[in-house]
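Visitor: Please take me through the surroundings of ligand 1. What is found there, and which contacts are made?

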Amino acid sequence: MDCEPVNEEPFITHDNLVFFAGRSVNLPREVAQDHRDQVNTLRDRLELHIDEHPGFSLVKMLHAGSVAKGTALKTVNDLDVAVYVRKDDAPTDEAELVGWMTERLREAYGKLINPDQIQPGTHCATITFKGSGLSVDVVPVLYEDDSDDCGYLVAKDTGERLLTSVRLHLRFVRARKNAHPDDYAQVVRFVKWWARQRKLADPTFKCKSFMVELLVAYLTDQGVDPTNYPLALEEIFGYIVKTGLAERIAFTDFYPASKLPSPTGAAIEIFDPVNPANNIASRYSTLERDRIVEAADEALGAITEARYATTKAQAVACWQVVLGPSFRG
Ligand SMILES: Nc1ncnc2c1ncn2[C@@H]1O[C@H](COP(=O)(O)OP(=O)(O)OP(=O)(O)O)[C@@H](O)[C@H]1O
Ligand SMILES: [Mg+2]
């Protein structure tokens, strides 16, 4: 029996996704640089204050979020920085930590920023720049001079205290970026973009950026080729569907696998590359995991269908399932 001839070149290819990324997904290079410059100014001013006030309770600042890592989406509206706080100086009462840190930031930036531009939030302080409207979320890290900058990071979303090192996370990401220049970060941005579409459709959908980043790192480490974007996405969604996201994910960059705990019973186990006791997905329920798997299944089906589409309109409609209605091919 003859097989149906298949379109040799699908209507939507790698190049279409490159174009869409440039137009809609990626934070333009100049904007990212401008954001980084703003954070550098904050960091330099803090250093100056520290030089002038030896023993100040804030030790240093590290740009830790997606803009620092080169994985930010165009829609990013806040920058994440970690401020290392001397553990012995910080209030022992958790509820007082952010308010106390806000006061210290106001002291340090007195000459540069109005105090009302630095406000305490639930788990972080936020600095808002007047001109750009850009805001910088400052999360505290309780720190005791660890050489790898390990300390207790107060998670911005939950307030949980996590022993980790954002500096080593940056090194971890740098290694993947060196292995796959441009493509690792681009595939991370696509998957984050997909997750964002799902969240827009359903605000209860959860799939946090750090989880996406580690998942893409894990799969590229395992040999998934990130240089062809449609194929890479197909493989990533395929992995999620095949495993139901129930397979443990861990890395050996900073500790051997023998340090990992026995099964924790968590619905998703994706371990912090820096601390084997920190499952970064520990707060996801089985239901939340299954929602991710279901959405990945839908995306996988759409990508497969797109490959065999007989018209461009049909292929575009399929990709819109993955990348949202702004995708036009
Ligand atoms: N559960 C966690 N355990 C340890 N470190 C974490 C955890 N969550 C976040 N981090 C640290 O905070 C950084 C920022 O994480 P986040 O999930 O906000 O992603 P992001 O890269 O800034 O993405 P977005 O573009 O969505 O803001 C991570 O790179 C990591 O260093
Ligand atoms: Mg962020």
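Guide: The shell around ligand 1 divides into 6 nonpolar, 6 polar and 6 charged residues. Here Ala, Val, Leu, Ile, Met, Phe, Trp, Tyr, Cys and Pro count as nonpolar; Asp, Glu, Lys and Arg count as charged; the others, Gly among them, count as polar. This is a predicted model: local features need pLDDT of at least 70, side-chain atom pairs count only at pLDDT 80 or more, and totals for chains, interfaces and linings use all residues. Residues are numbered from 1 along each chain as its sequence is written, chains are lettered from A and ligands numbered from 1 in the order in which they are written, and side-chain values use heavy atoms, leaving out hydrogens and water.

There are 18 residues around ligand 1. Being near means having a heavy atom within 4 Å of the molecule. Ser66, Lys69, His169, Lys192 and Ser209 come nearest.

Now the elements. Helices (H or I, at least four residues) and strands (E, at least two) are DSSP runs, numbered from the N terminus. At least two shell residues come from each of α3 (66–69), β7 (161–164), α5 (166–179) and α7 (209–221). α7 gives the most, with 3 residues.

Next, the polar contacts (pairs of N or O atoms within 3.5 Å). An N or O atom in the side chain of Lys69 is 2.6 Å from an oxygen atom of ligand 1. For His169, a polar side-chain atom lies 2.6 Å from a ligand 1 oxygen. Phe210 uses its backbone: an N or O atom there lies 3.4 Å from an oxygen atom of ligand 1.

Terms used
A polar contact is a pair of N or O atoms within 3.5 Å; within protein, one must be able to donate a hydrogen and the other to accept it, and residues adjacent in sequence count only if both atoms are side-chain atoms.
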